[in-house]
Structure formats: C-alpha cells, structure tokens
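The following exercises concern one protein model and are to be worked through in order. Each task is followed by a solution that proceeds step by step.

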Amino acid sequence: MLIQGTNIPIQITFDSDVSDFKNIVATMWIQGKQVKKWEIDDMTVSGTVITLPLDEDETRNFKKGKASLEIKGLNSLDQTVFWEEATIEI
C-alpha cells in the first residue's frame with residue numbers, strides 16, 4: 001500500500017539478480033495515466049531488489065485507488081525482459 005503524502009520508496013524483489021542489467025525502466029499508471037517513470041539512474045539496484053524513490057509532493061497528488069507498476073529491463077545479452085505488472089493500492 002502506498003499512502004498519499006509520504007515519501008516511503010517502493011521496493012520490488014525479483015526472482016533473480018538484476019544488478020547486471022544495462023537498463024531498467026519502471027512506470028506507474030493510475031486510471032490509465034502515467035504518473036511516474038523511473039530510469040535505472042533514478043533507482044537503487046541491489047542484487048534482486050530495486051528501490052523506487054518517491055517524494056511527498058508526488059504521492060500527495062496520486063489519486064486514491066489502484067495503481068499499476070510496469071517494469072522492463074535490458075539484460076547483459078541485450079534482450080528486453082518484461083516482468084509481470086504489479087498492482088499497488090493507494
């Protein structure tokens with residue numbers, strides 16, 4: 001759950017190590033509208049965990065309901081990997 005007006009980051013744990021990925025992009029959607037996008041330089045990648053920072057002003061403006069989080073990456077073999085979409089309650 002994500003609470004409006006907080007700056008608690010989103011942490012995603014993967015089944016395998018993603019620290020060798022050349023790029024990772026995470027996009028958050030609320031009611032079909034893109035509200036936040038992180039590139040690999042905007043996040044912390046550590047082994048099987050990525051941490052997506054948020055700030056209070058951003059989360060204050062998120063509408064209550066369900067948000068979807070789409071994540072894709074470019075691995076060391078230049079293959080694009082798509083992970084299952086996650087749902088976050090706001």
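**Exercise 1. The nonpolar core**

Task: Determine which residues of the largest nonpolar core touch the most other members, and which strands supply the core.

Solution. Step 1: The largest nonpolar core has 21 residues, and those touching the most other members are Ile-10, Met-28, Trp-38, Ile-50 and Leu-69. A nonpolar core is here a set of buried Ala, Val, Leu, Ile, Met, Phe, Trp, Tyr and Cys residues joined through side-chain atoms within 4.5 Å. Buried means under 20% relative accessible area, exposed over 50%, and partly exposed in between (1.4 Å probe, protein chains only).

Step 2: At least two residues of this core come from each of strand 1 (10-13), strand 2 (23-30), strand 5 (49-52) and strand 6 (66-74). Strands (E, at least two residues) and helices (H or I, at least four) are DSSP runs, numbered from the N terminus. The most is given by strand 2, with 4 residues.

Step 3: Consider Leu-69, leaving out residues up to four places away in sequence: among the residues it touches are Ile-10, Ile-12, Met-28, Trp-38, Leu-52 and Ile-88. Contact means heavy atoms within 4.5 Å. In soluble globular proteins, nonpolar side chains tend to be buried together.

The model is predicted: local features need pLDDT of at least 70, side-chain atom pairs count only at pLDDT 80 or more, and totals for chains, interfaces and linings use all residues. Residues are numbered from 1 along each chain as its sequence is written, and side-chain values use heavy atoms, with hydrogens and water left out.

**Exercise 2. The aromatic rings**

Task: State how many aromatic pairs the structure holds, then describe each pair.

Solution. Step 1: There are 2 aromatic pairs. Rings of Phe, Tyr and Trp (its six-membered ring) pair if their centres lie within 6.5 Å; planes under 30 degrees apart count as stacked, over 60 as edge-to-face and the rest as tilted.

Step 2: For Phe-14 and Trp-83, the ring centres are 4.7 Å apart and the planes meet at 55°, so this pair is tilted. Phe-14 belongs to the loop between strand 1 and strand 2, and Trp-83 to the loop between strand 7 (80-82) and strand 8 (86-89), so the pair ties together parts 69 residues apart in sequence. Phe-14 has a relative accessible area of 9% and is therefore buried, whereas Trp-83, at 24%, counts as partly exposed.

Step 3: Phe-21 and Trp-83 have ring centres 5.4 Å apart and planes at 40°, so this pair is tilted. Because Phe-21 lies in the loop between strand 1 and strand 2 and Trp-83 in the loop between strand 7 and strand 8, the pair ties together parts 62 residues apart in sequence. Phe-21 counts as buried because its relative accessibility is 13%.

Step 4: Together, Phe-14, Phe-21 and Trp-83 form one aromatic cluster.

**Exercise 3. The surroundings of Glu-89**

Task: Find where Glu-89 lies and which residues Glu-89 touches.

Solution. Step 1: Glu-89 is part of strand 8, and its 33% relative accessibility makes it partly exposed.

Step 2: Not counting residues up to four places away in sequence, Glu-89 touches Met-1, Leu-2, Gly-65 and Lys-66.

Step 3: The side chains of Glu-89 and Lys-66 are joined by a polar contact of 3.0 Å. A polar contact is a pair of N or O atoms within 3.5 Å; within protein, one must be able to donate a hydrogen and the other to accept it, and residues adjacent in sequence count only if both atoms are side-chain atoms.

**Exercise 4. Positive phi angles**

Task: Is Gln-31 buried or exposed, and in which loop does Asp-78 lie?

Solution. Step 1: Gln-31 is not a glycine, yet has a positive phi of about 50°. Gln-31 lies in the loop between strand 2 and strand 3 (33-38) and, at 61% relative accessibility, counts as exposed.

Step 2: Asp-78, likewise a residue other than glycine, has a positive phi near 60°. Asp-78 is in the loop between strand 6 and strand 7 and counts as exposed, at 51% relative accessibility.

**Exercise 5. The whole chain**

Task: Give the elements of the protein chain and the confidence of the prediction.

Solution. Step 1: The protein chain has 1 helix and 8 strands, which follow the pattern β-β-β-β-β-α-β-β-β along the sequence.

Step 2: The mean pLDDT (the predictor's confidence in each residue, from 0 to 100) is 96, and 100% of the residues reach 70 or more.
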